[in-house]
Amino acid sequence: MSEGLIELRGVSLAYRTASGPLPVLDDLSISVPEGGFTAFVGPSGCGKSTLTRLIAGLTKPDRGEVRLHGEPVRGPRPVVGMAFQNPVLLEWRTILRNVLLPLEITRTALSKREQEARARRLLALVGLEGFEEKRPSELSGGMRQRASLCRALIHQPEILILDEPFGALDAFTREDLWKLMHELKAEEPFTGVLITHDLREAVFLADEVVVLSGRPAKVQRRVPSGAAGRRDIEHLYTAESVALLNLLRREIEIAQGRAPAGSRAA
Ligand SMILES: Nc1ncnc2c1ncn2[C@@H]1O[C@H](COP(=O)(O)OP(=O)(O)O)[C@@H](O)[C@H]1O
Ligand SMILES: [Mg+2]
């Protein structure tokens, strides 16, 4: 059996809460191949962010195993970069210094000069040339998210985890960032894990969309989307994409308990 770069096997997890255990993930088995890009969609509160924390080594499963490159994950690893809906940039640092932050925490073979050159190159790649010395509050939401992507990629992580990274942006800015993600992946290859509520985003960015059931989350359905090499938003308006989006919509309704499993599209 060929192993994915990210491999979850029979992973279950329950949070201990004041009112007893809250089962969140139930026997999840997931594999993301090296260089792949998998999107996870599912009802609010079903356990998607928990899943990213497991992959990042920030949380441990109660049962089952999380492996990266065949090695069990036992704690946070620098091979993972993360970006969230709220970019959490530090206001007292310039954009350049924010992007460089992870290199102050993780080990790097790069000299200070090389680090800075890399940060500047990434910022140029995302269209932020000339903004290196600005403070986060001087940038728009879309620009802050671009900077946060640079920060997530600065240490050349093998895995990039995006937890609803574009959710707070307006529709056009979001589409710009989707296109940017394809460009970034071509320039800075990574294995992608995307959490999103936006089915179009999932279909545009990921090559596989995993629908998670309501809490506790199980893998309800895996849908290949063939996004590899895709660049144009126009693709989302083809009959093929519309059919895929409808199928995913119905799966979400089933996951939310709003539609019976019998109503599933083939
Ligand atoms: N540290 C925690 N302790 C207790 N409950 C938690 C904790 N983190 C998340 N939860 C609960 O677990 C469920 C799944 O959370 P989360 O993974 O953030 O879901 P999602 O990202 O899919 O919205 C939610 O009901 C949430 O309230
Ligand atoms: Mg979440």
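These legends accompany close-up views of a predicted model.

**View 1. The whole chain has 7 helices and 10 strands.** Its radius of gyration is 19 Å, close to the 18 Å that the globule rule gives for 266 residues, so the chain is as compact as a globular protein of that length. The C-alpha atoms fill a box of roughly 60 × 45 × 40 Å along the principal axes. Buried residues account for 37% of the 266 residues. Take the contacts between residues at least 6 apart in sequence: 70% of them join residues at least 24 apart.

**View 2. An open sheet of 6 strands has mixed pairing.** The strand order is β6-β7-β8-β3-β9-β10. The edge strands are β6 (80–84) and β10 (219–224), and each pairs on one side only. On average, neighbouring strands of this sheet are turned by 15° against each other, direction ignored. Helix α1 (residues 48–55) packs on the sheet. It touches β3 (37–41), β6, β7 (159–163), β8 (191–195) and β9. The direction of α1 makes about 155° with that of β8.

**View 3. β9 and β10 pair in the antiparallel sense.** Strand β9 covers residues 208–212, and 5 bridges link it to β10. One bridge sets leucine 212 against valine 219 in β10. Helix α7 (residues 239–255) lies across β3, β9 and β10. It runs at about 175° to β10.

**View 4. Strand β7 is mostly covered, with 5 of its 5 residues buried.** Both faces are covered. Ile159, Ile161 and Asp163 lie on one side. Leu160 and Leu162 lie on the other. β7 runs parallel to β6, joined by 5 bridges. It also runs parallel to β8, again through 5 bridges. Isoleucine 161 takes part in both pairings: it is the bridge partner of methionine 82, and it stands opposite valine 193 in β8.

**View 5. The largest nonpolar core has 67 residues.** In soluble globular proteins, nonpolar side chains tend to be buried together. The residues with the most contacts inside this core are Ile55, Val99, Cys150, Ile161, Leu194, Ala202 and Val209. Leucine 194 touches Phe37, Ala39, Leu162, Ala202, Leu205 and Ala206, leaving aside residues up to four places away in sequence. Ala202 is thus both a contact of leucine 194 and one of the residues with the most contacts in the core. Ile161, also on that list, is a buried residue of β7.

**View 6. Helix α1 is mostly covered: 6 of its 8 residues are buried.** The buried residues are Lys48, Thr50, Leu51, Thr52, Leu54 and Ile55. Ile55 is also among the residues with the most contacts in the largest nonpolar core. Glycine 57 follows the helix, with a positive phi near 80°. Is arginine 53, a residue of α1, buried or partly exposed? It counts as partly exposed, because 18 C-beta neighbours lie inside 10 Å, where 20 would be needed for buried. Arginine 53 touches Leu58 and Thr59, again leaving aside residues up to four places away in sequence. Arginine 121 is 68 residues from arginine 53 in sequence and 29 Å from it in space, C-alpha to C-alpha.

**View 7. Ligand 1 has a shell to which α1 gives the largest share, 3 residues.** The surrounding residues are Tyr15, Thr17, Leu22, Val24, Ser44, Gly45, Cys46, Gly47, Lys48, Ser49, Thr50 and Arg215. β1 (6–17), β2 (20–32) and α1 each supply at least two residues. Lys48 and Thr50 belong to this shell, and both are buried residues of α1.

**View 8. An open sheet of 4 strands pairs in the antiparallel sense.** The order is β2-β1-β4-β5. β2 and β5 (71–72) stand at the edges with a single partner strand each, so one side of each is left without a neighbour in the sheet. β1 and β2 run antiparallel and are joined by 9 bridges. Within this pairing, alanine 14 stands opposite proline 23 in β2. Both strands also supply residues to the shell around ligand 1.

Conventions:
Residues numbered from 1 in each chain as written. Chains lettered and ligands numbered in written order. Core = buried A, V, L, I, M, F, W, Y, C linked by C-beta atoms within 7 Å. Buried ≥ 20, exposed ≤ 12 C-beta atoms within 10 Å, placed from the backbone. Contact = placed C-beta atoms within 7 Å. Pairing = 2+ DSSP bridges. Axes fitted to C-alpha atoms, helices over the stretch in contact; angles between N-to-C directions. Rg over C-alpha atoms; globule rule 2.2 N^0.38 Å. Near = placed C-beta within 6 Å.
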